[in-house]
2 protein chains.
Amino acid sequence: MNSVCVVVLVMLGASGHSFRFKDLTDYVDKHQDHYVQALRDWVSIESDSSDVSKRAELQRMMGVVEEKLRGMKGKVDVMDIGTQTLADGSVVPLPKVVTAAFGDDENKHTVCVYGHMDVQPARREDGWATDPYNLTEINGNLYGRGASDNKAPVLAWIHAVEAYKALNVELPVNVKFLIEGMEETGSDGLNALVEAQREEFFSDVGSIIISDCSWQSSRPALTYGTRGNCYFSAQVEGPRQDLHSGVDGGAVIEPMSDLIAILNTLISASGQILIPGVTDAVANFTEEERKIYEEVDFDLDTYKSTIGVDGLMYNNKVDLLAHLWRFPTVSIHGIEGAFSGPGTKTVIPAKVTAKFSIRQVPDMEPAVVEKQVTDHLHAVFQQRKSPNKLKVKMIIRAKPWLADPKHALYEAGKRAVKRVFSVEPELIREGGTIPIARTFQDVTKKDIIMLPIGGFDDGLHSQNEKISRYNYIEGTKLFIAYLHEHIGSQANNIRSSSRALTGS
Amino acid sequence: MNSVCVVVLVMLGASGHSFRFKDLTDYVDKHQDHYVQALRDWVSIESDSSDVSKRAELQRMMGVVEEKLRGMKGKVDVMDIGTQTLADGSVVPLPKVVTAAFGDDENKHTVCVYGHMDVQPARREDGWATDPYNLTEINGNLYGRGASDNKAPVLAWIHAVEAYKALNVELPVNVKFLIEGMEETGSDGLNALVEAQREEFFSDVGSIIISDCSWQSSRPALTYGTRGNCYFSAQVEGPRQDLHSGVDGGAVIEPMSDLIAILNTLISASGQILIPGVTDAVANFTEEERKIYEEVDFDLDTYKSTIGVDGLMYNNKVDLLAHLWRFPTVSIHGIEGAFSGPGTKTVIPAKVTAKFSIRQVPDMEPAVVEKQVTDHLHAVFQQRKSPNKLKVKMIIRAKPWLADPKHALYEAGKRAVKRVFSVEPELIREGGTIPIARTFQDVTKKDIIMLPIGGFDDGLHSQNEKISRYNYIEGTKLFIAYLHEHIGSQANNIRSSSRALTGS
C-alpha cells in the first residue's frame, strides 16, 4: 500500500523530479523528538527584543541560527543592520540578520523563507503555568515563549530542507532564508536592509514565504491578507505638574476629563467608527469575499469561550470575520501619565496621553487617516473650550497587505495542504499586522504567500504560548510538500501573475 | 525698645502668667538652624506609608519621634493600633501611634496637637529638582518630601513646647501630642484608637489642634472647614485575559470603550456634575460665607501661574473659592489595568478599573452619594447593552468637616496670628479632606481648630514639596503665641461653645 502510494506521488510530480514524499515524512516522524529538543534549545534562549538587557541572549540566538544553517552547508551571510538608539540616548547594535541559501540552480525557482528569532516578553508571574523559557509538553502541546511565534515555524522550515538533504532528495526549488531578530518591536533596520538587498539577495528570489501567523481553526489555512495599523497618541496637557484633587479640584479643567471626552467620540457602543470619513475608503465587501468567509470553519461559541466573553460585536460568522479581517476598528489601549496603580491616589494628572489604534484595511491611506483623526479630535476638543493643550500624533503607520488567493502560489499551497492533511485549506486573513509583508511587496515586487502552521489557540503574545506537537511536525511535512508543489506551478507564471486584490 | 515690648506683652497676658514672648521668639530665632537640621534629619527618613517595603523606615521615623518626646521629659505612651492586611493577604503591623503629655495641671486647659510622620511617595525621577529625601535649601525654601506635610508643622509644635521649657516659662496650657504614621493612606487603625481612648487619653483634652494644612495666600490663615471624599472604583471586565487588538479587534466589545463612555457622563466641560441628584443636598451658599470669601486674599492670575494653567473653571474669586471649598467636584484619577507605559502596545485590556472621586461637602451624605453614583453608572452602562460586567465600589467615604470661625478657639487663633504676623488671618476652608478632623469631632466631641503654617505653594503630594524657612520659623512662634492666647479664652467657654456651622 505504501509503495503504491509512493509510485503515484512520483507520477504526480509535475516536473519529472522523483518526489519521495513518504520517505521524507517518515524521516520527519522518526526525528520528531529531535525536532522537539531543538525547539526546547531555542526556546530556552530568552531572545526578548523589547528588553535591551536581554540583548546578549538575542545575539546568542541569532548566532545559534547562523551555526545551524552553516552546519547544513548553506551559503550563510550575516548582515549588519546598524544600531538602535534607546530612550536614554545610548546606542546599541541591532541583532544581525542571518541569511542563507540552499541551491543556486538558475533553472529553478527560488523561494525565500522569512522568519524571526525574537520573542515577546514573558515572566512566569504574568500568569504562566510553566516556566516560559523551559519548553514543557502537556497533552501534546509544547508550551514556551516563542514556541509558535516564530521559533517552531522557522525550525520546521530548516528541518524541511534538512530532510531533503538527509535523504539525498534533490530540492525542487532553491531555498533562501532571511531571519531577523527585531520583529516584535517593529523590525528595526529591516526595511533599509530589504531596500539595500533588492538587487543583491533578492535578485534571484521568485517568491517570499512567511509563516509568522496562525490557522483560524483546527483546519489548516492559507493567509492572504493582514490589516495595517495606524497607532495614535493623543496627549492633553494642563497644569505644570500633577495637582491634588482636594486642593485644586473644582478650580481646574482637568486634562483627564478632556481626554475621556474626546476618546468617547472614536467608536460607538455598536462598533461604528465615529471619526468622520475614516471608513469612506474601505473597499467594498464583495460577494466573492463573502463566499470565502462562508467556507471558513469558525464557530462563534467556540471563539467566545476561547477568549472568555459573553457576547461579540456581531452574531454571525461572516460579519464577525469581516470585522476581524477586512474592516477597520478602533482599540483604546490605555492612558499614560494618569494614576494606573492599585489602591487610591487623589491626583489630578497634569499631562495624560491616550494610546489608541485603528486597524487599517484596503484602500485606506495612513496619511489620510492621520489627518481625519487629528482634525476630528481637535474639533471635538475645541468644542469643550478647554484651556488645556491637545497634541495628536500618529506613531505607527503600517499598511495592510492583501494577496490574491487564486494566485499560483496559493494554488501550490492548497495542493500542499491537501497532500499532508487531506483537506482543502481555509483561505483566511489576519486581523493583525505583519508590516514586513507589505515592505517585501512594495520594495522587492516579489509575490508573497503566508503559510501558517501555528494553531488557532496558540496564544501568541499572551501567557502560556504554545504550539502543538501535531502542528509542529505535520507543519514540517507541509513545508516539505510546499517546496515540491511549487514546481507544479510554472515559475514564470508565479513571477508574473497579477495581484489584482492587493490593496494600496 | 525690645524690653518695652516685653513689658507690654506681659501686661496683655490675660491670665496673669508672665508671658515672655520676646524671649521665646528670640530663642526660636537663635535656634533656627538647629530646627532646620532637625527637619533635615526627619525628611531623610523615607517614611512612605503607601509602600510597604518602606515600612521599616516608617517604624524608624515613629521611633525618632518617640525618642524626641521622651528626651523632652514628656509622658510618652506608644499605642499599638494592630495590623494591616496587604493585597496579597499577608499581614504587617501598623506603625504605632506615639502620644505624649506635657503638664497635667487640672486647672489648665489641655490642648492635643495631632500630626503625622508618614509621607507621600517621591522619587527623584518623578520630576524632583533635588533629592526628595535630602532637605535642600534654595532661596529660603526647604525642599523635601514631607517638609510641609507634615514634618515641619509637627517639629514646630515640638520646638514651641521645647522653647517654653528651655526658658523655664510655664506652659500656659497642658499640651498633648498624638502622632500617627498612616495618614497618607487613610489613617488605618486610628479611628479605633480614638474610640478606645475616648475616656482615656482624650478625657482631659479640651480641644484638638491640627496643623496638617496650608495657607491660601502669603497671608496667614485659619482653616474652618474641609471637604470630604467619596472615592470610587468602576471596573469593567470583559475577556478572560488581555487580547491582541489585531487578532481580536473588531469582534470584541472592548472594556476600555465601555469605561470611557461611562466616565464621560460624570462631569461636563464646564464643571457641572452630571450624576443625577448628587448636588441636591449641597448647603445653600449664604451671604455670610460670601463675605468671608470676599475677604480672602486670592488672586486668580497668581493661582493660574502657580499651578501653570491658562484658564480656570471660574473667572471670579468668590465662585472659584466656593468651588474649591464648599461645592463638590469630580476628579478622574486614572485607569488601572490598561496600558499605561511609554511606547506602543497593541493590547485590548481585559479588565480596566477607573478611579475617580467626588469631593463632598455639607450636607451631602456618603451613603446617598454612593447610591446615586452606582445607580447612574449602571444606568448608562446598561444603555450600551455591553456583554461586559460593571462593578462600582465606593472605597473611601470621608465626611467633610466644618467649624464656626467665630468660635473661641478661632478667636484665640486670630489673636496669635496678629501677635506674630501683625495681620488678621484669613478665614479659609480646605478643598482637601482631613478625615481625622471629622472623627475627632464625632467621637471625642472636642472642639477642633486647624492652624496651618504651610505656604500656599508648598506642593503637598506633588514634586518639589517644600516649606519656606520663614513659614517654619515664624510658624513655631505662632504656635508659641497660640498656646498663650488659649488662656485668654475661658476654658469653659471653649468647651461649651456651639458648633452651629458644623455640617452633618
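This is a guided tour of the structure above, one selection at a time.

The model is predicted, so local features need pLDDT of at least 70 and side-chain atom pairs count only at pLDDT 80 or more, while totals for chains, interfaces and linings use all residues. Residues are numbered from 1 along each chain as its sequence is written, chains are lettered from A and ligands numbered from 1 in the order in which they are written, and side-chain values use heavy atoms, with hydrogens and water left out.

**Stop 1: aromatic rings**

Begin by selecting Phe232(A) and Phe356(A). Their rings form a stacked aromatic pair, with 5.3 Å centre to centre and 10° between the planes. Here, rings of Phe, Tyr and Trp (its six-membered ring) pair if their centres lie within 6.5 Å; planes under 30 degrees apart count as stacked, over 60 as edge-to-face and the rest as tilted. Phe232(A) lies in strand E11 (residues 228–237) of chain A and Phe356(A) in strand E15 (residues 351–360) of chain A, so the pair ties together parts that are 124 residues apart in sequence. Helices (H or I, at least four residues) and strands (E, at least two) are DSSP runs, numbered from the N terminus.

Are these two rings buried or exposed? Phe232(A) is buried at 0% relative accessibility, and Phe356(A) is buried with a relative accessible area of 0%. Buried means under 20% relative accessible area, exposed over 50%, and partly exposed in between (1.4 Å probe, protein chains only).

Now move to chain B and select Phe102(B) and Phe177(B). The ring centres are 5.9 Å apart and the planes stand at 85°, so this pair is edge-to-face. Phe102(B) is in strand E4 (residues 97–102) of chain B and Phe177(B) in strand E8 (residues 174–180) of chain B, so the pair ties together parts that are 75 residues apart in sequence. Both Phe102(B) and Phe177(B) are buried.

Back in chain A, highlight Tyr114(A), Phe201(A), Phe202(A) and Phe440(A), which form one aromatic cluster. Add Lys176(A) to the view: this residue lies over the face of Phe201(A), at 4.3 Å from the ring centre. A charge sits over a ring if NZ of Lys or CZ of Arg is within 6 Å of the ring centre and within 35 degrees of the ring normal. Chain B offers Arg419(B), which lies over the face of Phe21(B) at 5.5 Å from the ring centre.

**Stop 2: a sheet in chain A**

Next, show strands E6, E7 and E20 of chain A. In that order, these three strands form an open sheet with antiparallel pairing. Two strands pair if DSSP finds at least two bridges between them. Strand E6 (136–138) and strand E20 (466–468) of chain A are the edge strands, each pairing on one side only. E6(A) and strand E7 (residues 141–143) of chain A pair over three bridges. For one of the partnerships, select Thr136(A) and find Tyr143(A), its bridge partner in E7(A).

Helix H14 (residues 469–486) of chain A lies across E6, E7 and E20 of chain A, running at about 65° to E20(A). Axes are lines fitted to C-alpha atoms, for helices over the stretch in contact, and angles run from 0 to 180 degrees between N-to-C directions.

**Stop 3: Lys414(B) and strand E18**

Select Lys414(B), in helix H12 (residues 408–421) of chain B. Lys414(B) is buried, with a relative accessible area of 15%. Its side chain reaches the backbone oxygen of Pro405(B) at 3.0 Å. Not counting residues up to four places away in sequence, Lys414(B) touches Leu222(B), Pro405(B), Lys406(B), Pro425(B) and Leu427(B); contact means heavy atoms within 4.5 Å.

Follow Leu427(B) to strand E18 (residues 426–430) of chain B: five of the five residues are buried, so the strand is largely enclosed by the rest of the structure. Glu426(B), Ile428(B) and Glu430(B) point one way from E18(B), and Leu427(B) and Arg429(B) the other way. Strand E10 (residues 221–226) of chain B pairs with E18(B) in the parallel sense over four bridges. Which residue stands opposite Leu427(B)? Leu222(B) does.

**Stop 4: a sheet in chain B**

Finally, show strands E13, E15, E11 and E16 of chain B, which in that order form an open antiparallel sheet. The edge strands are E13 (329–336) and E16 (389–398) of chain B. Seven bridges join E13(B) to strand E15 (residues 351–360) of chain B, and Ser331(B) has Ser357(B) as its bridge partner in E15(B).

Terms used. A polar contact is a pair of N or O atoms within 3.5 Å; within protein, one must be able to donate a hydrogen and the other to accept it, and residues adjacent in sequence count only if both atoms are side-chain atoms.
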